[in-house]
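Here is a short walk through the model, taken one region at a time. Please keep the structure open beside you as you read.

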Amino acid sequence: MQLVVSAILPIILLLLTGWALGYSQFIPPEGWASIENLCYWVLIPALLIPSVASADFSSIHVGKYAVVMLGSVTFLIAILMALHPLLQRYLGVSGASWTSLAQGTIRWNGFITLAVATKVLEDTGVSLIAIAFAILTPFNNLLCVLLMILYTRSHAISLQSVLGGVLKNPFILSVLVGLVLNVTHIPLPEVLDGYLTFLSSASVPMAILCVGAAIDLRMLRKPNFQLITGVAFRLLIAPAVALVFATLLEVDETLKLALVIVFAGPTAGSAYILSRKMGGDYALMAQIIAAQTILAALTYAGWLIFVID
């Protein structure tokens, strides 16, 4: 319990600080966009490269870890697809709205996930989240685009452009660089290692401040059943599914914790951009992102206590 509180409370305080700074316009919106770019392209890669390069993967069952993640995502989408006729009939969930529920269920906020993993699992957590980036990011991006095309009849974005974006993703590139260094046993020069360590120390707090600044409470003025469904699937059902898969495959407790951290966190802010570009229900997507980000602190604590205890 004490571990969970000490892990979650600083993140909540950072989120509140970011929200206050954003709401007060102490830093203008364009300033936050620049800070987010700094985190995305520089600070987070500085954290991932040395973490993956120095990680001991010999004790990690990467195959089981990957199967649980991909299996959980596939199972969740299958459930949502099976439920779509009922959701459409009784809750008025259109194809466009359904894609917001789907994105809200399977995509994840890497900034918050890294923050929690760093607090709960320390260096091992960063390495495991880095592996999750490498496995889930390409899969989720391709799957979301396919679902957007299928359910909105939109072809605004091609699969080729998505693949190109994945290959240019700084998180993926950082993980690949770290893996090369790890496999080849090439040590980072002491000066470079010190530089990256110093640079990465700002990555997690700056990233969480950006997430907090992006929270728009006005999105939550008129909650409805679609929003409740979008929140419940991500924060309650997704981690439960991942834990069931993890139990069936008998993964160890460390991997279970990492899986909960990946699947119990809020969805990615970039889901809004894809929804807007491809004809999805971007208003619902914005509501889901805001609600999940606010409520995730409570559900995170609950899931972590459940797994740890």
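The largest cavity in this predicted model has a volume of about 50 Å³. A search of the whole structure finds one cavity of 30 Å³ or more. General background helps here: rolling a probe the size of a water molecule over the atoms shows where empty space is left.

Which residues line the largest cavity? They are Ile8, Ile11, Leu15, Ile112, Pro266, Thr293, Ala296, Ala297 and Tyr300. To find them on the model, begin with two helices, α1 (2–23) and α13 (282–308), each of which supplies at least two residues of this lining. Helix α13 gives the most, with four residues. By residue type, the lining of the largest cavity divides into eight nonpolar, one polar and no charged.

Now turn from the cavity to an open space. The second largest pocket has a volume of about 380 Å³, and 21 residues line it. If you want to place its centre, look for Ser51, Asp123, Thr124, Val126 and Ser127, the lining residues that lie nearest to it. Which helix gives the most to the lining of this pocket? That is α5, with six residues. Four helices, α2, α5 (110–152), α8 (190–200) and α11 (253–263), each supply at least two residues of the lining. The lining of the second largest pocket is made up of six nonpolar, 10 polar and five charged residues.

Serine 51, one of the residues nearest the centre of that pocket, is a good place to pause. This serine lies in helix α2 (residues 29–54). Is serine 51 buried or exposed? It counts as buried because its relative accessibility is 14%, which falls under the 20% limit for that class. Leaving aside neighbours within four places in sequence, serine 51 is in contact with Val126 and Ser127. Both of these contact partners are also among the residues nearest the pocket centre.

Helix α5 holds another residue worth a look, glutamate 122. Its phi is near 55°, a positive value in a residue other than glycine. As a rule, most residues other than glycine have a negative phi. Glutamate 122 is exposed, because its relative accessible area is 57% and the class begins over 50%. Glutamine 25 also has a positive phi, of about 65°, although it is not a glycine. This glutamine lies in the loop between α1 and α2, and at 48% relative accessibility it counts as partly exposed.

Next come two helices that pack together. In general, two packed helices are described by the angle between their axes and the distance between the axes. Helix α3 (residues 62–91) and helix α10 (residues 225–248) pack at an angle of about 150°, with their axes 10 Å apart. The crossing of α3 and α10 is right-handed. On the α3 side, the contact is made by Val68, Gly71, Ser72, Phe75, Leu76, Ile79, Leu80, Leu83 and Leu91. They meet Phe225, Gln226, Thr229, Phe233, Ile237, Ala238, Val241, Ala242, Phe245 and Ala246 of α10. The residues of this contact divide into 15 nonpolar, four polar and no charged.

From α10, one more contact leads on to α11. Lysine 256 lies in helix α11 and touches Leu243, Ala246, Thr247, Val251 and Val307, not counting residues up to four places away in sequence. Ala246 appears in the contact of α10 with α3 as well. With a relative accessibility of 15%, lysine 256 counts as buried.

Two further residues complete the walk. Threonine 197 has its place in helix α8 and is partly exposed, with a relative accessible area of 45%. Threonine 197 and leucine 179 are 18 residues apart in sequence, and their C-alpha atoms are 17 Å apart in space. Proline 205 is found in helix α9 (residues 203–214), and this proline is partly exposed, with a relative accessible area of 31%. How far apart are the C-alpha atoms of proline 205 and isoleucine 131? They are separated by 21 Å, and the two residues are 74 residues apart along the chain.

Definitions and conventions: Residues are numbered from 1 along each chain as its sequence is written. This is a predicted model: local features need pLDDT of at least 70, side-chain atom pairs count only at pLDDT 80 or more; totals for chains, interfaces and linings use all residues. Side-chain values use heavy atoms; hydrogens and water are left out. Buried means under 20% relative accessible area, exposed over 50%, partly exposed in between (1.4 Å probe, protein chains only). Contact means heavy atoms within 4.5 Å. On a 1 Å grid over the protein atoms alone, a cavity is a set of points where a 1.4 Å probe fits but cannot get out, and a pocket is an open set with protein on both sides within 12 Å along at least five of seven lines; lining residues have an atom within 4 Å of a point. Grid points are joined across faces, edges and corners, and a volume is the space filled by probe spheres set on the points. Ala, Val, Leu, Ile, Met, Phe, Trp, Tyr, Cys and Pro count as nonpolar, Asp, Glu, Lys and Arg as charged, and the others, Gly among them, as polar. Axes are lines fitted to C-alpha atoms, for helices over the stretch in contact, and angles run from 0 to 180 degrees between N-to-C directions. A crossing is left-handed if the near helix is turned anticlockwise from the far one by less than a right angle, and right-handed if clockwise.
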